[in-house]
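This briefing goes through a protein model in short points. Look at the sequence and the structure first, then read on.

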Amino acid sequence: MKIDIVSVFPEYFEVLNLSLLGKAQEKGLVEVTAHNLRDWTHDVHHSVDDTPVGGGAGMVMKPEVWSECLDELLHLEPTTVTCDSTADADDTASADAAEPAESATEIAANADTVPATDRPVLIFPNPSAPLFTQQDATELSHANHLLFGCGRYEGYDARIPQYYRAQGVDVREYSIGDYVLNGGEVAVSVMLEAITRLLPGFMGNAASIVEESYTGENALLEHRQYTKPADWRGIKVPDVLLSGDHAKVDRFRRDEALAKTNKLRPDLIEALDCSKLDKADRKTLMALGWEVSGTHPRQR
Ligand code: ADE
């Protein structure tokens, strides 16, 4: 996988040479290049931003500098496009500007969101975009080329993603959470880590990914984990985990995952497909106050 990152602080991404991602680069699984957006400026101050049209606080990143940079990295010729500047204002995560905005669940269920492996995906972190999920990480882990653009200040000119969508580029905008950061660099690091760890050969133990929170079609928060000693400072590992009875251990963990998800993320319980729940799952959910006779669980 080839990964380009454009930022006014490319040094920030030196940390990507450490740890598992550093090893993955050494092994040739990923090739990460961080570019300085200012290299595409022509003025003495290397300015990348300007005041917002219509007034308001802060500065907005200029489209001309970004387009010179992105055209070069995407091997595109500059052109002019005809599009309505309000058309896809709420269609930030979708690759297709003509489609109406979708909910996160609809986007996840839509096979069109899976990137074509031969097409680069241009990704802008943005606090006003749909939330980046494990599903997005999984989809993006199949792409061959990801290009991340880090915004700073009050963000980037809205015509940048619009223009590249009109050019047929798979453009996505994602928020990593309901809070505002100083720029996209941290968000890109978060997304990159979530994506690259899913690449075949990246993790030592691929099975651990299958069991993780948010993974799979019936995603639950993961059960708690313990290691030795069995009794530490007066707190004991649950007896069943020491029993050696794998079926019992699996059931205990599954029930714990259901109970934890019920408490912390009932929205994930509501999204479960009842036809994929076994008898014991249904019993546990009923005991937790859920009705499981329909397509999805409903709170009683
Ligand atoms: N840039 C600033 N805040 C952000 C957030 N929460 N997610 C993605 N990009 C951002």
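Strand 1 (residues 2-7) runs parallel to strand 6 (residues 145-149), and five bridges join the pair. The model is predicted. The points below take up the sheet, a helix that packs on it, and the cysteines.

**The sheet**
- Within the pairing of strands 1 and 6, isoleucine 3 has leucine 146 of strand 6 as its bridge partner.
- Strands 1 and 6 belong to an open sheet of five strands, whose order is 2-1-6-5-7 and whose pairing is parallel.
- Strand 2 (31-36) and strand 7 (170-174) are the edge strands, and each of them pairs on one side only.
- On average, neighbouring strands of this sheet are turned by 20 degrees against each other, with direction ignored.

**A helix on the sheet**
- Helix 5 (residues 159-166) packs on this sheet, where it touches strand 5 (121-125) and strand 7.
- The direction of helix 5 makes about 150 degrees with that of strand 7.

**The cysteines**
- A disulfide is a covalent bond between the sulfur atoms of two cysteines.
- How many disulfides does a search of the whole structure find? The search finds zero.
- Why does cysteine 150 form no such bond? The closest cysteine sulfur, in cysteine 69, is 11 Å from the sulfur of cysteine 150, which is too far for a bond; the cut-off is within 2.5 Å.
- Is cysteine 150 buried or exposed? Cysteine 150 is buried, because its relative accessible area is 0% and buried means under 20%.
- Cysteine 274 is also buried, with a relative accessible area of 2%.

Definitions and conventions
Residues numbered from 1 in each chain as written. Predicted model: local features only at pLDDT ≥ 70, side-chain atom pairs only at ≥ 80, totals over all residues. Heavy atoms only, no water. Buried < 20%, exposed > 50% of the residue type's maximum accessible area, 1.4 Å probe, protein only. Pairing = 2+ DSSP bridges. Helix = DSSP H or I, 4+ residues; strand = E, 2+ residues; numbered from the N terminus. Axes fitted to C-alpha atoms, helices over the stretch in contact; angles between N-to-C directions. Contact = heavy atoms within 4.5 Å.
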